[in-house]
Every structure is written in C-alpha cells, then in structure tokens.
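Visitor: Could you take me through one part of this model up close? I'd like to look at a sheet and how its strands pair up.

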Number of protein chains: 2
Amino acid sequence: MSKKLPTRQEDYSLWYNDLVKRAGLAENSAVRGCMVIKPYGYAIWEKMQRQLDDMFKRTGHENAYFPLFVPKSLFEAEEKNAEGFAKECAVVTHYRLQSDPDNPGKLRVDPAAKLEEELVVRPTSEAIIWSTYKNWIQSYRDLPLLINQWANVVRWEMRTRLFLRTAEFLWQEGHTAHATAPEALAETRQMLDVYAEFVEEHMALPVVKGAKTENERFAGAEETYCIEALMQDGKALQAGTSHFLGQNFAKAFDVQFQTKEGGREFVWGTSWGVSTRLMGALVMAHSDDEGLVLPPRLAPIQVVIVPIYKTGELDALLERIRPIQMGLIARGISVKVDSRDTERPGFKFAEWELKGVPVRLAIGARDLDAGLIETVRRDTKEKLHLPLADIVQSVDQLLADIQTSIYQKARRFRAAHTHRVETYDEFKAALEGEGGFVLAHYDGTSETEEQIKTETKATVRCLAFGEPDEDGVCIVTGRPSARRAYFARAY
Amino acid sequence: MSKKLPTRQEDYSLWYNDLVKRAGLAENSAVRGCMVIKPYGYAIWEKMQRQLDDMFKRTGHENAYFPLFVPKSLFEAEEKNAEGFAKECAVVTHYRLQSDPDNPGKLRVDPAAKLEEELVVRPTSEAIIWSTYKNWIQSYRDLPLLINQWANVVRWEMRTRLFLRTAEFLWQEGHTAHATAPEALAETRQMLDVYAEFVEEHMALPVVKGAKTENERFAGAEETYCIEALMQDGKALQAGTSHFLGQNFAKAFDVQFQTKEGGREFVWGTSWGVSTRLMGALVMAHSDDEGLVLPPRLAPIQVVIVPIYKTGELDALLERIRPIQMGLIARGISVKVDSRDTERPGFKFAEWELKGVPVRLAIGARDLDAGLIETVRRDTKEKLHLPLADIVQSVDQLLADIQTSIYQKARRFRAAHTHRVETYDEFKAALEGEGGFVLAHYDGTSETEEQIKTETKATVRCLAFGEPDEDGVCIVTGRPSARRAYFARAY
C-alpha cells in the first residue's frame, strides 16, 4: 500500500496493469498468457455474471454445458470459422504422461498415448454446439432453441494483458437456432440490446451500438453487431458482440428442420458473448490515480466503515456502530467494517480508495454524539457530513447518485472525445490529439479501411445504428458516402 | 415419450443411462468420454451450485479462478500427486493449426508451433494453486487463506458413464492454507460436514462420514475424509471428499510463512471437492421406473399445473388458473403451467413424471367450481384432493413433506441394506445378495484390503467417524481388529 500507483498521465498502460494487480483483481500466472483472477476481482465478475444471467433468463434462455474439447474434424466443418481461429488454437495431442526414463522423478508425454484425432481446446463453441443441435432439432416445434453457456475458452495470444487479452478467459456464449432469418436477426439485436443495457446500467459505461464491417466480422458470421465503449486514454474497447450466423453453421453441420408446411429447411443461427474483458473495461473507464472507482451496482463492498478511536475504545465504538451496519445490511447494502487494530485510519482510507469502495464512513464516538457522520464518496472524493438520524436512507440515496454520476461523467467524457471530421488530415489530427471516436465518411470498401488502419492504427469500430444519412465524401478516396462510420484506435 | 424406460429390476445400468438421457439431463457428445449437460440437467446443477456456494461463503471462503493449464514442471512438483494423475492427463503440445497441404480444406497441427513445455489440462488444481500461494503467503497475517474455485477438470477415463465418470466434469475445489495442523484438520472436517449437510438436507440422501484408508486416499494427501451414499442397486457412491494435505504441497512449492514469534514454517493445506457426479447420485438414489424423483429443494420446476379442458375452453381455464399460479410464485415456488394444446393430459402426466416434478396439479373448470384440486405427489404417486381455498399453503407444506419423505425413504433403504457380518462367507453372501454396506472387521492392512477387493470387488468405503470401538477379528486373516469398517462395491 506504501508505493503510489503510476498516474494515468505518466503511463496509462502501466497504471492499468499496476492497478489491476494492486487492487487485488488479477495477476499473471505461471502459465504463459493465463491469468489468476483473485478473490476481489472474481467477486466483481460474479456480480456481472449474476446480473447477465438473470437478463438472459428473463429473455427466455436456458443454460447448458458443452465439452471443452472440439475434435479437429468438427472444428474444420465451418471453414471460415476454422480459418479464423486456427492460428490461435491450443491442441491436445496426448492423453497420458509417464515416468521419464532419462530424468528420475520427472514425467514426459507417453508417446504410446497419442490421440487418433487431435482435440482443439474450444476458442469458441459454435462447432461443438451445432454438431449437437443436429440431434436436438427435427421440427419447427423444437425452435427457437435458446441456449447460453458459461465457460472458459482458450485463444493463444502472443501479446497478452490482464483481462483485456489473455490466452484463457471466462465468458458466456449464447447459441440460438431459429426457423426464419428475421427471427434470428431479431434475436441478434435483442441480445446486443441486453448487453448495452447491462453495460450502461450496471457498469455505468455508455456504449455505441452498431454493426461491424466485413473486415471486423466474426469468422463464420453473416453480420456482427457490437457495443463499443471509450476508455480514458481515448481508445475504444469492444465490450460485447452478437452475431447473425445465417445458415452457415446449419449447413456445415446439416441442421435442418421440418417446417409447419411440411418442407425441410436449414435453421438460422445466432451467437453472442461477453467475457472477463468487461473487467478490463470497467477498470479503464472509471478509475483514477488513487485506484479503482467501482459503480455501486457491481461493487462487492458498497460501503466501508472505518472506526476512529483511541486505544482501548475500539470494542465500545464497534458496539455503537453496529446499528448503522445492521441498518445498511437490512437495506441490501453490502458493508465492511474495517476493525483492524493493526492499521491506522489513513492507511485504511487509502486501501479502500485503491479498491474502489463507493462510500466510506469514518465514525468516531464524537461523531455519534454529535449526530453527524463523515461520509466520503469515492468517485468525486467529496466529503459530506450526513445526519446520523437517517444515515441508512442517505447512504442508499448516495449510492444511487454515484451510479448515475459515474455514468454521466463517462458520457461527458465520450461527448468531449467524439469528433466529426471532414478530411483525412483532420482525422489524423484527432487521433494524434486526445484520441476518442472519430466520425468520418469513407467509401465503405475493405481496401480503404485497411489503408486507414495501416496508416493511422484506427479501425472502423462500427456502423452505428441510428446514425443519420448524410451525403459526404470518403476522407481517403473522395468517393461518395451516405453515412459516417465510427473510427478509433482500439483495445 | 412413447417408449417405456427399462425397469431398475431388468437392467439398473441401462435404466440409469436411459433415464439421464430421456429426462433431458445429459447426453454423450462427439468428444470421447465428454458429456453435454442439457438445460434441465444444468438447471439442477445450478441449484446445487448456488446452495453450496452460499454454504462456502457462510464459512468464510471466497471464490477465485486459476488457469486451466498446468505446466508439466509444476505438475511434477508434488510427486505423489503427479504420479496419481499422470496416467489420465490430457496434454496440450501445440498452439496452432495450419492448412493441411495434403488435404485441401482440412487442418493439421502446425509442427512449428510446438510448445517448449507441455501443458497438462488440470485434473485437479493443487499444483497451479500452490505455486500461486507461494506469492500470496508471507506472514501469519495472510492465514488462513480460504479459497474456492468453480471449474472444469479433465481426467482421461477409459470407461465413462454420464455424470458418474466422464473425461471432463464440472466441480468446485476448495484450497486452503493454515498456520497449524489442527486448524487445517478442523477445516478438512468442517468442509466434510458442509458436504454432508448439503447432501442430506438438499439432495435428501443420507451419508456415512468417515476417513479413507491409505489405499483409497487422494494422491498427495495425508488424510482423506469422505461422505459415502448408498444407491438403489446396493452399490456405494463417494459423494464428496475433503483432504488434509499436511505440508506436502507447501514443501513441494516452498510455501512458508513468518510466524507470530518471528520463525519461518511451512503452511498446512487442505483441499475439498464435489462434482457433477452428485447429479448421478441424485438420479440413482431416488428415481423409479417411471422416471426421476427430484427432492423439491433441487427441482427446477417444483409444481406443474396441467389444465384439463374441452376444445376451445383453454384460455378461459388458464385465466382461472392464474391466481393459483401467481400465489405459488409469490411463495417462492417454481411453477410450470403446461398449456400446450398439442398434447393430451396423459402424455403430459407421463412427461412430468419422467422429469421428476415433485407435485402435479390437474385442474379443470369443474374442480375449480367444486373447490377441490387433484394433486399428485411424484415420490409416492399418491393422489390427494386439496381444498382450493388454501391450495398454496397446502402445496408448500406438501413440498416440505416430500423433501423429508424422500430422505426418510433413503434412510430406511440404507438401514435395510447395511449388514454386520462376522465371517468372510457372510461378507460374500451379503455382497452377492442385495449388496449394500457391509460392516466388518479387518486387520487394517493394505494387503488384506487388496485381497478383499480382488476376491469380492468390495472396497473399504470408509472408517466411519463415531463407529464404536469393538474387539473383533479380521474376517480374512483372523488378526485382531478394534473397529468395524464400511465395505461395499462402489461406483
């Protein structure tokens, strides 16, 4: 706790990495590119999971679990998908170790235990799931099939960063099957809206909803919708995707159904996912140079109470604090009373600031006598003196205010960092300046997109839904364009 | 739904397998030995998870997440553990696929992408977790460290059975570190008690608590405690284990701490786990020839309402049923109204019997007029006519009765299938008869245990806690014995 965090200004990337570690969210492991999610980080992830899971169930989805491994022959079946993920697959080739005759006490792979067919550790589960759906779907009565899975997946990344890009990560993946294309498209959009609602309402992070260009589309999808959020360094982060798969996987795995009219047709698919990457977005969007700033709805501890006392008076003070603690708990607020006798208040303040606890109450006997409680909100560091008489109600209201306030701040940040540009020079200047979203016209070709990416490191984040038609010309080629696209450098 | 299940009498093993599949719990997948857990099965597992997770948290544990992969060199570090699991390890050797030049459109392992060090897919996580604990534990202030993980693990089994023995399974694994041996032993016992409470109170299944013999101990543990349950075919099933690891892993990974007195000592460890195997136990312990019998506390649907109506009257009837449905929901009871217009009541009855829904209400307009509701409890198939006036309260009480009643039935079954024998002939006769637990004296040696296993397929399930001292002689060698052990054939 002694060492200060690097500031965002000094080194945003180092600040992020240090913060994730020092706040107890995650750390690197002995396995290249894989992280350990520590208890405090996992507690936030559990809150995310619970909320998302409730939202999936409310929209009619059920959870199931499919195998970790995908036999290579199944993996190959949808060619674009296979091609897209082949370069980052962990592959199981053997099923046994044996004593190493050359190294006593050591083990080696048993060459006699080679698998006939290699197993890919799932980078995503379309292949294994669609091979199963073939048996689950015979008739229109079996549709729609609305399934979600919470699971770990592995994508062998060369450069990894805690939460943002790790070889193994945790996620949920929804996989649905429908009788018609419009129904599948509606599901694709519905789940994007669920994600957007979650990220805005719970993570307090505004998002832009839109469609990916072909270049950025999920391998095997006809259409990829996404939500894009802006981080404090002006880079965008893709926070969730929802894919319309057309009949691609149905054809690859021969999933047909009997229609009401007695015909046979391939089913239409969707898939959609968010991952522990959201943890990275949460940290990068709101936190400051003192540490995490957690939105109250996702904070494992919403209120910390630090007793202020003289030697020998702690127990008596804790007794007097108990009614406040119990009142908060009864209102469904999670409270921690930091009664450690080994640390001073200043140390505790700094620690809970680092961990992003939204509200801190510092309570001494004198405050209780005077009927005023020193209250500090983490987001603005504003100090309030709240009347003891209705402290529970005031804190509850304060938590709601903080949730809104963090969201509004992020909205203002995004507004201040969204630039409409008319020329390629302005485009580059915007990126080189403070970054952010750049709304520009381009001719919609992959080539131009690729050129912009090579020259500026910015990509089309999305073609935003609801973006108005507007005649314009491509900033690179001068060709006509009917709508602006969202560009940004991105995580 | 048309085909009948095989009966338990005809073929217990086939009955089990068919039931698991036809009730929609799980099925085999395209991956050898791996299962797909279907939505209805997963919903039961989620209820188990939620309950266990609450119990772990109430006893002070936090969740975290550690990598799926274990580098071979870490895996080797605790030799007994490594030796115990080496024969069933899935091993990742490569991290990339590439186009197969000999087979257009196919992929092959890229020989250039061989890992320097192989990665074992975790069969259990002691190695990876203790290598992490080394950095988390410096001082007695860091202890106890009480962590749990929900995860998938892989053990390459040659003969697999849905839920009972699969190559990949889902589980939780607790891993704790303590300053003293007595404290670690107390934790080992506490978590066994938590498991026993869960299995008895929620799964309605009585268990014997005890210690494993050295032969049956977890690889790397000093002591393994277990809970053993009895299935309807007279075979035992180990439902959960809790291990006292001594300082074995602390020494293998050099995890030392500074004591209060300023010395340095190795920490003491425990680990404990239950898995989706519990799903198998749940099915095998209570179900009958018509299908599942689920204890109400774990049933995803606790009450099904089947409307009985004439053509054209369904909507009006559903309107009248709604207050009952809402009343049950308001009381926290999960209800399904089976309003399908495509199936007849008899078909629906059979389907919900197969799925083990504890209470069925068949409701027609006449029943509502008469104020009496036909109610069938799944466990005994008893039919009751409950007054409409307090139907919600009556159903709630009935669910509680069923929970108790299923448990009592299992207790009676176990009592009737527990035999005390004095000779090896009696021992064999008991096993060849109806099976069950056989309480016998033996001399406590590994050799005798091994001989009994070879000759009878029965193993020592446990040395039960609280089993009274009793002078006796070994049924095989005639040597003296101070207490009886629990023997059984087992899953």
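Guide: Sure, and one bit of vocabulary before we start: two strands count as paired if DSSP finds at least two bridges between them. Keep in mind, too, that this is a predicted model.

With that cut-off in hand, look at strand 19 (residues 359-364) and strand 20 (residues 372-377) of chain A: they run antiparallel and are joined by four bridges. To see the register, find Arg360(A), which sits opposite Val376(A) in strand 20 of chain A.

Now zoom out a little. This pair belongs to an open sheet of five strands in chain A, ordered 18-17-19-20-21, and the pairing is mixed. At the edges are strand 18 (335-337) and strand 21 (383-387) of chain A; each has a single partner strand, so one side of each is left without a neighbour in the sheet. Going from one strand to the next, the twist averages 25°.

Something also lies across this sheet. Helix 10 (residues 345-354) of chain A crosses strand 17 (303-308) and strand 19 of chain A, and it runs at about 170° to strand 17 of chain A.

For contrast, here's some pairing between chains. Strand 5 (residues 91-94) of chain A is joined to strand 5 of chain B by three bridges, and these strands run antiparallel. One partnership to look for there is Val91(A) with His94(B).

Notes: Residues numbered from 1 in each chain as written. Chains lettered and ligands numbered in written order. Predicted model: local features only at pLDDT ≥ 70, side-chain atom pairs only at ≥ 80, totals over all residues. Helix = DSSP H or I, 4+ residues; strand = E, 2+ residues; numbered from the N terminus. Axes fitted to C-alpha atoms, helices over the stretch in contact; angles between N-to-C directions. Contact = placed C-beta atoms within 7 Å.
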